[in-house]
Amino acid sequence: MKILIAEDEVALASVMSKGLSEKGYEVSIAPDGQTALSMALQYDFRLMILDVMLPVINGLEVCRQLRKKKAVLPVLMLTALGSTENIVSGLDSGADDYLVKPFKFVELEARIRSLLRRGVYDENVIDKIHFGPVEMNLASKTVYRSGKLISLTSTEFRLLECLLRNQKKVLSRMELLEKVWGVDFNMATNVVDVYVNYLRKKIDKDFEIKLIHTVVGMGYVLK
Ligand code: CA
């Protein structure tokens, strides 16, 4: 389960990161608001720990921008100030919960568990997946690349969803066959190549930067 920590205080960020890694979370750290925002939009995090006082863009603004883009990522805001006013503006900006610094690690962990338990953020309910210029909406079954609507058949949609959920990971033809079509060993794996080509024509053909790549002898990767 991937967690993003947006915190510029190196010591605090590393203590949280170390503790959460030990609990089995996969942790990434963003040292400023701009980096945090782009990482949150690009990768599939399950939760973000967001400090209010961050360089470049502050935490409140990061949260507002995130919500403007309709990202459903749960946000746990950290505030050093602890005044009611700061907590209110944190929650107004779209944060789901807050923690006042300094806090004990067990408190942090408890808040994280509680946020992850909230049904709305169940992995299967996250309704948007982003990858660079590509945005897939799982609820409306629509795909946009650079704001342009790309119309896909249901198989192409499932294939792209699978690539998006495994971005930067090489998927073999067998894996794709299994995940997208359901296991069917009678089916020739070239059905995968055929559909990858269909998808390329729609997602990559009209764009300079190609996202779907063939890894010779291995399979395909979205990167
Ligand atoms: Ca800070």
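Strand 6 (residues 128-131) and strand 7 (residues 134-137) run antiparallel and are joined by four bridges. Within this pairing, Phe-131 faces Val-134 of strand 7, and the two strands make a hairpin that leaves two residues between them, with Gly-132 in the turn adopting a positive phi of about 50 degrees. The model described here is predicted, and its chain has an average pLDDT of 86, with 90% of the residues scoring at least 70. Residues 119-124 have a pLDDT below 50, and this stretch makes 10 contacts in the model beyond its near neighbours in sequence. Where pLDDT is low, the predicted coordinates should not be read in detail.

**The antiparallel strands**

Strand 7 also pairs with strand 8, again through four bridges and in the antiparallel sense, and Met-136 has Val-143 of strand 8 as its bridge partner. Four residues lie between the strands in the hairpin of strand 7 and strand 8, where Lys-141 takes a positive phi near 55 degrees. After strand 8 (142-145) comes a loop that leads to strand 9 (148-150), and Ser-146 is found in that loop.

**The parallel sheet and the helix on it**

Elsewhere in the chain, five strands form an open sheet with parallel pairing, and their order is 2-1-3-4-5. Strand 2 (26-30) and strand 5 (97-100) are the edge strands, each of them pairing on one side only, and from one strand to the next the twist averages 20 degrees. Inside this arrangement, strand 3 (residues 47-51) pairs with strand 4 (residues 75-79) in the parallel sense over four bridges, and Asp-51 has Leu-78 in strand 4 as its bridge partner.

Helix 5 (residues 105-117) packs on the sheet, where it touches strand 1 (2-6), strand 3, strand 4 and strand 5, and the direction of helix 5 makes about 180 degrees with that of strand 5. One of the residues in helix 5 is Ile-112. Is Ile-112 buried or exposed? Ile-112 counts as buried, because its relative accessibility is 0%. Apart from neighbours within four places in sequence, Ile-112 is in contact with Ile-3, Leu-20, Tyr-25, Leu-47, Ile-49 and Leu-76. Leu-199, by contrast, is 87 residues away from Ile-112 along the chain, and the C-alpha atoms of the two are separated by 38 Å.

**Aromatic rings**

Two aromatic pairs are found in a search of the whole structure. Tyr-43 and Phe-45 make up one of them, with ring centres 6.5 Å apart and planes at 80 degrees, and because planes over 60 degrees apart count as edge-to-face, this pair is so classed. Tyr-43 is partly exposed, at a relative accessible area of 28%, whereas Phe-45, at 5% relative accessibility, counts as buried. Phe-45 also has Lys-2 lying over the face of its ring, at 5.8 Å from the ring centre.

Tyr-195 and Tyr-198 also form an edge-to-face pair, since their planes stand at 85 degrees, and their ring centres are 5.1 Å apart. Why are Tyr-195 and Tyr-198 separated by about one helical turn? The two residues lie three residues apart in helix 8 (residues 190-203), and therefore about one helical turn separates them. Tyr-195 is partly exposed, with a relative accessible area of 21%, and Tyr-198 is likewise partly exposed, with 37%.

**Less usual backbone features**

Most residues other than glycine have a negative phi, and most peptide bonds are trans. Two residues with a positive phi, neither of them a glycine, are set out below with their surroundings.

| Residue | Phi | Place | Relative accessible area |
|---|---|---|---|
| Val-56 | about 70 degrees | loop between strand 3 and helix 3 (59-68) | 68% |
| Ser-146 | near 50 degrees | loop between strand 8 (142-145) and strand 9 (148-150) | 52% |

Val-56 counts as exposed at its 68% relative accessibility, and Ser-146 is exposed as well, with a relative accessible area of 52%. A cis peptide bond is also present, joining Lys-101 and Pro-102 with an omega of about -5 degrees. Pro-102 belongs to the loop between strand 5 and helix 5.

Conventions: Residues numbered from 1 in each chain as written. Predicted model: local features only at pLDDT ≥ 70, side-chain atom pairs only at ≥ 80, totals over all residues. Heavy atoms only, no water. pLDDT = per-residue confidence, 0-100. Contact = heavy atoms within 4.5 Å. Phe/Tyr/Trp six-rings, centres within 6.5 Å; stacked < 30°, edge-to-face > 60°. Buried < 20%, exposed > 50% of the residue type's maximum accessible area, 1.4 Å probe, protein only. Lys NZ or Arg CZ within 6 Å of the ring centre and 35° of its normal. Pairing = 2+ DSSP bridges. Axes fitted to C-alpha atoms, helices over the stretch in contact; angles between N-to-C directions.
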